[in-house]
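Welcome! Please open your viewer and get ready to select residues by number as we go.

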Amino acid sequence: VKGLEGFLRDLRKKVPSAQNVVKVWGEWLTVAIRNLADLFNPKRVILAGPLAQLFAFVEEDVRRRLRERRFPTVASLEIGPSSFGKDCCAIGGAALVFDRIFSVPDSNFLKDFDLKESS
């Protein structure tokens, strides 16, 4: 079992079986991006997680397929991997915890207290 690192190594060496697998992955990625664009019309799609490392191997094909579609939701769509790299999921999880710990609670909690002035 090679794992992702072995697969990436095979892609860099241009091993045909690895190139075929990543080509199919890129085709499905294109379908997913088209569907997301049609549903949500985002300005940017950020690919995250370990598999985002594969985007460099299919980027040209994905962009070509999206351009061929000639549909407004994908015409100016920015696509790219997260700048946090393969650790983006862990960084995102840590950010959520940090936000939860250091956030100010909603002011609705004040309704539980009797804040009427005493006479």
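Here is a short tour in a few stops, starting with a helix and ending with a pair of cysteines. Keep in mind that this is a predicted model.

**Stop 1: helix 3**

Select residues 55-69, which make up helix 3. How far apart are the end C-alpha atoms of helix 3? They are 19 Å apart, and this agrees with the 21 Å that its 15 residues should span at 1.5 Å a residue. Now look along the helix to Asp61, where helix 3 bends by about 30°. Just past the end of the helix, click on Arg70, which takes a positive phi of about 50°.

**Stop 2: the buried side of the helix**

Which residues of helix 3 are buried? Colour Phe55, Val58, Val62, Arg65 and Leu66 to see them. While you look at their spacing, a general point is handy: an α-helix has 3.6 residues a turn, so residues three or four places apart point the same way.

Next, show what covers these buried residues. The cover includes helix 2 (16-40), strand 1, helix 4 (72-75) and strand 2 (78-81).

**Stop 3: Arg65**

Stay in helix 3 and select Arg65. Is Arg65 buried or exposed? Its relative accessible area is 13%, so Arg65 counts as buried. Show its surroundings, and leave aside the neighbours within four places in sequence: Arg65 is then in contact with Gly26, Glu27, Thr30 and Arg34.

**Stop 4: Ala48**

Move back along the chain to Ala48, in the loop that runs between strand 1 (44-47) and helix 3. Which residues does Ala48 touch, not counting those up to four places away in sequence? They are Ser82 and Cys88. Then draw a distance from the C-alpha atom of Ala48 to that of Asp87: these two residues are 39 residues apart along the chain, yet their C-alpha atoms are separated by 8.8 Å.

**Stop 5: Cys88 and Cys89**

From Ala48, step across to its contact Cys88, and select Cys89 as well. How many disulfides does a search of the whole structure find? The search finds 0. Cys88 is in no disulfide, and the nearest cysteine sulfur to its own is that of Cys89, 4.2 Å away. Why is there no bond between the sulfur of Cys89 and that of Cys88? A disulfide needs the two sulfur atoms within 2.5 Å, so 4.2 Å is too far for a bond.

Finally, turn on the surface and look at both cysteines. Cys88 counts as buried because its relative accessibility is 9%, whereas Cys89, at 52%, counts as exposed.

Definitions and conventions
Residues are numbered from 1 along each chain as its sequence is written. This is a predicted model: local features need pLDDT of at least 70, side-chain atom pairs count only at pLDDT 80 or more; totals for chains, interfaces and linings use all residues. Side-chain values use heavy atoms; hydrogens and water are left out. Helices (H or I, at least four residues) and strands (E, at least two) are DSSP runs, numbered from the N terminus. Contact means heavy atoms within 4.5 Å. Buried means under 20% relative accessible area, exposed over 50%, partly exposed in between (1.4 Å probe, protein chains only). The expected span of a helix is 1.5 Å times one less than its number of residues. The bend at a residue is the angle between axes fitted to the seven residues ending there and the seven starting there.
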